[in-house]
Amino acid sequence: MRVCLASTSPARLMLLRQAGIEPLTEAPGVDEEALAASAASARGSDLPPEELVLLLARAKAADVALRLAAEGTFDGIVIGGDSMFALGGRVYGKPYTPEEATRRWREMRGATGILHSGHSVFRVSPGTEPVEATATAQAAVTFADDIDDAELAAYVASGEPLHVAGAFTVDSLGGAFITRVEGDPSTVVGMSLSTVRRLAADLGVRWTDLWS
């Protein structure tokens with residue numbers, strides 16, 4: 001039973017490897033900003049974060065799953081995911097710039113936000129149509145209230161928060177600034193392993209059969 005991760009995220013790849021799975025990786029050909037804008041236009045407002053992360057996860061997994069199905073040799077599951085962080089009524093993706101990362105961290109000090117993670121798993125096998133199972137997961141993240149400006153500047157200068165949802169990690173340099181996580185901890189890293197296991201089971205795939 002093979003596993004393909006429809007993502008180039010190092011964090012999601014690391015999670016699967018730590019869970020005993022060595023996946024293939026495929027970059028999905030999805031314009032996430034255009035897809036989100038189209039969905040917001042059709043709705044007349046921005047999608048709630050739990051809906052948006054699921055929309056993007058499904059699009060990424062479907063793109064890769066349909067490609068593999070067309071090749072006709074892949075037998076296994078395709079996993080797609082997306083994450084966003086919500087705090088004080090605002091939704092945060094990746095900050096990309098030091099200025100934006102710094103601004104966000106000043107808001108996050110001493111606060112609690114929700115990390116929303118969307119998951120899509122496709123069962124792909126030769127000669128059959130891909131079948132999908134989806135779910136979202138949430139984890140509450142509380143940040144230390146005593147992070148001083150020098151620590152914040154050093155963390156931003158490391159570059160780590162610039163390219164991760166919410167501008168933080170829990171499994172690397174940012175972990176020391178987080179005081180509590182409520183929910184599946186792997187959700188905060190980038191993908192809820194317990195959720196993916198359940199979705200695989202819904203598709204008739206036993207998690208232990210995916211171990212390398």
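Here are a few notes on the strands and the largest pocket of this predicted model.

1. Start with strand β1, which covers residues 2-5 and pairs with β3 in the parallel sense. Four bridges hold that pairing on record. If you want a spot to look at, find C4: across from it in β3 stands V78.

2. Now look at β1 and its other partner, strand β2, made of residues 24-25. These two also run parallel, joined by two bridges. C4 is handy again here, as it stands opposite L24 in β2.

3. How do β1 and β2 connect along the chain? Together with α1 they make a β-α-β unit, and it is right-handed. Try tracing β1, α1 and β2 on screen to see that unit for yourself.

4. Next, the largest pocket, which has a volume of about 1,100 Å³. Its lining counts 41 residues. Those lying nearest the centre are E32, D82, S83, K94 and A165.

5. Which elements give two or more residues to that lining? They are α1 (10-18), α2 (32-43), α3 (49-71), β3 (76-87) and α6 (185-189). Of these, α2 supplies the largest share, with five residues. Notice that β3, the partner of β1, is on the list, and so is α1, the helix of the β-α-β unit.

6. Finally, what is the lining made of? Nonpolar residues number 23, while ten are polar and eight are charged.

Notes. Residues numbered from 1 in each chain as written. Predicted model: local features only at pLDDT ≥ 70, side-chain atom pairs only at ≥ 80, totals over all residues. Heavy atoms only, no water. 1 Å grid on protein atoms, 1.4 Å probe; cavity = no way out; pocket = protein on both sides within 12 Å on 5 of 7 lines; lining within 4 Å. Points joined across faces, edges and corners; volume = space filled by probe spheres on them. Nonpolar A, V, L, I, M, F, W, Y, C, P; charged D, E, K, R; others polar. Pairing = 2+ DSSP bridges. Right-handed = clockwise from strand over helix to strand, strands pointing away.
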